[in-house]
Amino acid sequence: RDSRFHFIEADVSDPVSGWNTGGKIFGGASKFDWVLHFASPASPPKYIQYPIETMRVNAEGTRHLLDFAREVGSKFFFASTSEIYGDPAVSPQPETYWGNVSSTGPRSVYDEAKRYGEAMVYGYHRTLGLDVRVIRIFNTYGPAMDPSDGRVVTNLMVQALQGRPLTVYGDGSQTRSFQYVSDLVEGIVRLMRTDYQQPVNLGNPTEFTILEFARVVQRIVGSALPIVFEPLPQDDPRQRKPDISVARRILGWEPRVALEDGLGMTLGSLQ
């Protein structure tokens, strides 16, 4: 245990009164360097199960943390998502793309909440001068994922480990770009060391169809399990591939972990 670390369980959707009492914060500190906002359900089954909570944590929660950052004189970091691009009509997706998003579909509670969160962050930046950073995270995976997460990596790997058929939705031609967690963390740290305040895509531009991904999982577990096809969920994006030109130019960053290597490191934590 590190004496510099203090854990406080709280819901950022509620006011953060009491976090900064008498000019002192957690363990006697008087200010923060950063407030990093990563709080939100991110897997479709979770945010569809908790739609109101997902909206609140990215709306009211974002505002509360922005106000807290101003109070303690810190910079503010917001974890946004590739989901703000919706079912994109442009590929790969650059940060300048405005997206193709349903505001009423089942995924909208997450997509629109993150879009609102970004708008709130830049409102504080433009109006109040708050120093901000924003990343848009593309599909990320790694050890210690929740086996019931509900996204394609955990779904297929858990099915394979249990010797069950692999479920592919639609015809499997929809694409995703999979990023190992250590690459994401490296991008986050690099952005925090810059003065760049516009959104930055962090993702792996190597694109796989879901059917191709299922076959990679078969190779990783060493079993040619059958593949079964189910109807494609509503609003499921047909294509997802980041344009990481900004990250390459501003951060000198690009992902380094190949998919099969990353899945191999992930596999043990799901067994």
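Buried means under 20% relative accessible area. That cut-off is handy right away: Val246 has a relative accessible area of 12%, so Val246 counts as buried. One thing to keep in mind while you look around is that this is a predicted model.

**Starting at Val246**

Val246 sits in helix α7, which covers residues 245-251. If you skip the neighbours within four places in sequence, Val246 is in contact with Glu95, Tyr196, Val200 and Leu251. For a sense of scale, try Ser148: it is 98 residues from Val246 in sequence, and the two C-alpha atoms are 33 Å apart in space.

**The sheet**

Next, find the open sheet. It is made of 4 strands in the order β3-β4-β5-β10, and the pairing is parallel. As background, strands of a sheet pair through backbone hydrogen bonds, either parallel or antiparallel. At the edges stand β3 and β10 (200-202); each has a single partner strand, so one side of each is left without a neighbour in the sheet. On average, neighbouring strands here are turned by 25° against each other, direction ignored.

Now look at the middle of that order. β4 pairs with strand β5 (residues 132-137) in the parallel sense, over 6 bridges. To pick out one spot, start at Phe78: its bridge partner in β5 is Val134.

Helices lie across this sheet too. α3 lies across β4 and β5 and runs at about 155° to β4. Helix α5 (residues 181-192) lies across β3, β4, β5 and β10, running at about 160° to β5.

**Ser108, in helix α3**

Ser108 belongs to helix α3, residues 108-128. Is Ser108 buried or exposed? Its relative accessibility is 8%, so Ser108 counts as buried. Its side chain reaches the backbone oxygen of Gly105 at 2.6 Å. Beyond the neighbours within four places in sequence, Ser108 is in contact with Met55, Ser102, Ser103 and Ala113.

**Aromatic pairs**

There are 8 aromatic pairs in the structure. A pair of aromatic rings is described by the distance of the centres and the angle of the planes. Here are two of the pairs, side by side.

| Pair | Centre to centre | Angle between planes | Arrangement |
|---|---|---|---|
| Trp34 and Phe77 | 6.4 Å | 70° | edge-to-face |
| Tyr85 and Tyr97 | 6.0 Å | 25° | stacked |

Take Trp34 and Phe77. Trp34 is in strand β3 (residues 34-37) and Phe77 is in strand β4 (residues 75-81), so the pair ties together parts that are 43 residues apart in sequence. Trp34 counts as buried at 18% relative accessibility, and Phe77 is buried with a relative accessible area of 0%. Trp34 and Phe77 also form one aromatic cluster with Phe38.

As for Tyr85 and Tyr97, each lies in the loop between β4 and α3, and they are 12 residues apart. Tyr85 is buried, with a relative accessible area of 0%. Tyr97 is buried as well, at 14%.

**Two nonpolar cores**

The largest nonpolar core has 22 residues. Which of its residues touch the most other members? They are Tyr141, Val153, Phe178, Phe213, Leu259 and Leu263. At least two residues of this core come from each of α4 (152-161), β7 (166-169), α6 (210-221) and α8 (259-270). The biggest supplier is α6, which gives 5 residues.

Leu263 is a good place to zoom in. Not counting residues up to four places away in sequence, Leu263 touches Tyr141, Val153, Met157, Phe213, Val216, Val217 and Ile220.

There is also a second, separate core, with 19 residues. Phe32, Phe68, Phe76 and Tyr122 are included in that second core.

**Helix α4, tucked in**

Back to α4, one of the helices supplying the largest core. Of its 10 residues, 7 are buried, so α4 is largely enclosed by the rest of the structure. Which residues of α4 are buried? Val153, Thr154, Leu156, Met157, Val158, Gln159 and Ala160. The cover over these buried residues includes β6 (140-141), β7, α6 and α8. After α4 comes Gly163, whose phi is positive, near 70°.

Terms used:
Residues numbered from 1 in each chain as written. Predicted model: local features only at pLDDT ≥ 70, side-chain atom pairs only at ≥ 80, totals over all residues. Heavy atoms only, no water. Core = buried A, V, L, I, M, F, W, Y, C linked by side-chain atoms within 4.5 Å. Buried < 20%, exposed > 50% of the residue type's maximum accessible area, 1.4 Å probe, protein only. Contact = heavy atoms within 4.5 Å. Polar contact = N/O pair within 3.5 Å; in protein donor to acceptor, adjacent residues only side chain to side chain. Phe/Tyr/Trp six-rings, centres within 6.5 Å; stacked < 30°, edge-to-face > 60°. Pairing = 2+ DSSP bridges. Axes fitted to C-alpha atoms, helices over the stretch in contact; angles between N-to-C directions.
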